[in-house]
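Biologist: I'd like a close look at one part of this model, please. Pick the five-stranded open sheet in chain B and walk me through it, then show me what else is going on around it.

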Amino acid sequence: MASAEIIIQTDNMAKYALNINGNKVQLEAEPDTPMLWVIRDMVGLKGTKYGCGMALCGACTIHVNGQPVRSCSTTIDSIKKNDQITTIEGISENLDHIVQQAWIEEQVPQCGYCQSGQIMSAVALLKAIPNPTDDDIDTYMTGNICRCGTYNRIRKAIHRAAAMQKGK
Amino acid sequence: MKNTGNITVNRRNFLRYTSLTGTALILGISRSNATGTAVVSNLSHAEEGYNLSPFIIIEKSGKITIFNTKPEMGQGTFQSIPALIAEELELAPGQFTVVQTGGEKKFGDGQAAGGSYSVRSSYEMMRKVGASAREMLVSAASKQWNVPVSECNAEFARVFHKPSGRSLGYGELVETAATLATPENPQLKDPKTFRMLGKSSRRPDVPLKVSGQAVFGIDVEVPGMVYASVERCPVFGAALTDFDASHATKITGVEQVVPVERVFGNYKTTGVAVVAASYWAALKGRKALKVKWDYRGNEQFNSTDYSQHLRDLARNEGITDVSTGDFDTAFAGGQSQVEAFYETPFVAHATMEPMNCTAHWKEGNKLEIWASTQVPSDIINELPGMFGLSADDITLHTCFSGGGFGRRLALDFVIEAVNLSQKIKKPVKLIWTREDDMQMGPYRPPTFSAMKGALSSDGKLTAFQHKVIAPTILSFFVPQQDKTKVDETMVEGISHQAYEIPNMKNSFVYADCPAPLLWWRSVTSSTLAFAHECFLDEMAHKAGKDPLNFRMEMLTKQSDTKRVLQKLREVSNWDAPLPEGKGRGIAQWDFFAGLAGEVVEVTRLSDNSVKIDKVYVVIDLGTVVNPDNVKAQMESSVVMGITAAVKNGITFANGRTEQSNYHDSPVLRITESPEVVVHILAEGGSNIKGVGEPGLPPVAPALANAIFDATGIRLRKMPFDLDDLKG
């Protein structure tokens, strides 16, 4: 990913310096703006999705310092100076993250709209629990809704990714 | 220019559309106006033309483009439709680019995804297009080499001459191929030689969807674009009286506040749009609006009264759908009679991507639209009349849909965005919030069912009646629905199951509904199958028979349904007794979309609670294009079917929807998702059935029947609470 500094200017409110996917981003926004809309409409990374706006569905999941958070309910003002933000676009350069690979192997997505969030949660799960059981997966992934019902494939793909991680 | 009636396309426009500069082999379909039949045509040198549907373009550079007319919403058409052409054209995945069409007239009126119809409606014609191109390329090679056609064959975008070891890429052959006549009857491949069709294939949209690169409607950005959110009346059928935007316009970023009309068939309402530089500002502005509505008495509408109203209507005789034998006499003369009443709720589509549309009304009355839609053709056909445009004035970009399930068959969210752009003279992205999506409708209509059945002394079903009481979807789209005749779409399947029942009289009772209604994945079958197949279970138990055996006794003749149930018996191990505390139930449904049967297994947790363990699905297809995708669609149908059976759905009070988001109208989560075992029956033949919907109708009845088997509790009202079952 390019490391050029991105500067975006708008005509109002507070100035922020964010670190997104390893890039420094400076922008101005109202302090109560959710990171979801900052990431999507100011930074222009569209992989993070709006689903509910209430942290109920997980479609907007990003990482802040490696921890999964719901960007729809995280205001830009709550982001600290050195926080590292990662979106779906930042987890690999060429689709080579093991979770992405496992998702392709198991052909998980249908409509695909929730999958950025599913993958961000799964990446965090495998960091926290490298070899998760079905119960671990259920507990960790229960905040991510998939209306197409790809849950069984998500479960399989996480097990596959865990095995790939082990084999590395 | 040649003008043949209503469609005129000249070559310049055509080439601009296809972005071509030089010679290319362009094969498409032209429709004979006289017969309406479609024939494959060589459009490469069409100086002027009409009804051009260029499904394949092969350029000299070797670049191959395949056009896909069926929108992708998760059901797999981005792979399955182009694969029909690619198979016959001897292309491997990755050797061609897929372009999604945008309702252009030249591609015909079938640019739509609905009714589980995409693959079966394309199967023969798209293969013929691919086969024609292959034969022309092979002929071109044989001409260039001056060798017999029989010595040449195509493989992986090249034509080979085995005896001499020569080969040429398709791009090197297009100049010659483009001058050839299109074969009238190209030889389709023997299915035994298929490389892709019938084999599990990877979907080309999957890599885009695991990297955040797939462009859904909500992801579109247009230069100069503004955002909008619309406050609509919470009470159905109410009118806008007045609004005060003074506070809203003080919010940073808010540009203007204007009324905007939503048109859902003949249900028309005016809301107040807040237009802003960012979506967040639009949302904040919307919260600051003060709006006055005229509820017009519609605030009385509520679920308790409405359910009672439908129950009261059940006393009406209704309009007869199908009558065979003499139901009344047979029912009265039966050895034993059973009557039961079934109820189902309103439910929301709740696609993960909320409704949204980006519209740009340009100078000179040209319109550009970006939308996640199931119906590009409808947009191009219907908007001209509404906005005083011609079809050529509209450019539509069909984006990936973040779920459809029928919701995106409606144009309301598109029309609303176009209305707004026309008013503000800017490109605008109008996004519905999740709350808008849940509260504004449309919803799947509820159906209530009054069931009657009689058994003979040997426990055979001799008389059967399914009376449906329901509001109709078509009442929102047909100005004056003729209510002296049955609305066939509301009694879908109830008179056309394969069961041999000597005396049957099914009927329909019309109800009205103020909340807008729409087709929802598997439509009326998703509720009618619940009543129908649960009641058959009740009759089986009354007869003291095994529910599967009871059904098989009504299937003496060979039928697809019989085949499905036989296979289901085998794969679900139906005849092996389950351990204590477990139960299983069965259901099948045959309707416009196709045919599937399911067995659900549950574990009893207490006297009145169960857990769903496993679902066996048998789907009857005739011919399968991508088995793994069919399996995915069955898994999906099971999850969606369980959600509809056990989650809240939508209820009303004070004229409004009571639910607002996923917390109070939940969908199934990973913790609740059972194991799904899928078996595909694909024994060939021309009778291809659908995939997207048939897996859904049997879910609720098979589950309810399993619950009865495990607990003795007979459920006749959806939704049911698995933790607190009440008969």
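Modeller: Happy to. The domain bounds I'll use come from an automatic or database domain assignment, and keep in mind that this is a predicted model. For chain B, that assignment gives domain 1 (9–191 + 204–209), domain 2 (217–297 + 355–431) and domain 3 (303–347 + 443–711).

Now to your sheet. Its 5 strands run in the order β16-β26-β25-β24-β17 of chain B, with mixed pairing. The edges are β16 and β17 (336–342) of chain B, each of which pairs on one side only. Ignoring direction, neighbouring strands are turned by 10 degrees against each other on average. Have a look at β24 (residues 448–455) and β25 (residues 461–471) of chain B: they run antiparallel and are joined by 8 bridges. If you want a pair to click on, A454(B) has A463(B) in β25(B) as its bridge partner.

Two helices pack on this sheet. Helix α7 (residues 303–313) of chain B touches β24, β25 and β26 (503–511) of chain B, and its direction makes about 140 degrees with that of β26(B). Helix α12 (residues 525–542) of chain B touches β17, β24 and β25 of chain B, at about 150 degrees to the direction of β17(B).

Just off the edge strand β16 (319–324) of chain B there is a loop leading to α8 (327–332) of chain B, and D326(B) sits in that loop. D326(B) counts as partly exposed because it has 14 C-beta neighbours inside 10 Å. From C-alpha to C-alpha, D326(B) is 8.2 Å from P502(B), although 176 residues separate them in sequence.

On to the packing. The largest nonpolar core has 266 residues, and L137(B), A228(B) and L703(B) are the ones with the most contacts inside it. Setting aside neighbours within four places in sequence, L703(B) is in contact with G585(B), V600(B), I612(B), I642(B) and A645(B). In general, nonpolar side chains of soluble globular proteins tend to be buried together.

Next, the partner chain. Here 47 residues of chain B are in contact with 44 residues of chain A. On the chain B side, α5 (205–209), α6 (279–287), α15 (627–646) and β32 (675–681) each supply at least two residues, and α15(B) gives the largest share, 7 residues. By class, that side divides into 21 nonpolar, 15 polar and 11 charged residues.

One of those elements, α6(B), deserves a second look. It is largely enclosed by the rest of the structure, because 7 of its 9 residues are buried. These are Y279(B), W280(B), A281(B), A282(B), K284(B), G285(B) and R286(B). They pack against α1 (35–43) of chain A, together with β11 (226–231), β13 (254–264), β14 (267–276) and β22 (428–431) of chain B.

Back to the domains. The C-alpha centres of domain 1 and domain 2 of chain B lie 37 Å apart. Their contact takes 16 residues from domain 1 of chain B and 20 residues from domain 2 of chain B. The domain 1 side of that contact has 4 nonpolar, 8 polar and 4 charged residues.

Last, a hairpin: strands β9 (residues 158–161) and β10 (residues 166–169) of chain B pair in the antiparallel sense over 4 bridges. H161(B) has R166(B) in β10(B) as its bridge partner. The hairpin has 4 residues between the strands, and G165(B) takes a positive phi near 75 degrees.

Note on methods:
Residues are numbered from 1 along each chain as its sequence is written. Chains are lettered from A and ligands numbered from 1 in the order in which they are written. This is a predicted model: local features need pLDDT of at least 70, side-chain atom pairs count only at pLDDT 80 or more; totals for chains, interfaces and linings use all residues. Two residues are in contact if their C-beta atoms, placed from the backbone, lie within 7 Å. Ala, Val, Leu, Ile, Met, Phe, Trp, Tyr, Cys and Pro count as nonpolar, Asp, Glu, Lys and Arg as charged, and the others, Gly among them, as polar. A residue is buried if 20 or more other C-beta atoms lie within 10 Å of its own, exposed if 12 or fewer, and partly exposed in between; C-beta atoms are placed from the backbone. A nonpolar core is a set of buried Ala, Val, Leu, Ile, Met, Phe, Trp, Tyr and Cys residues joined through C-beta atoms within 7 Å. Two strands pair if DSSP finds at least two bridges between them. Axes are lines fitted to C-alpha atoms, for helices over the stretch in contact, and angles run from 0 to 180 degrees between N-to-C directions.
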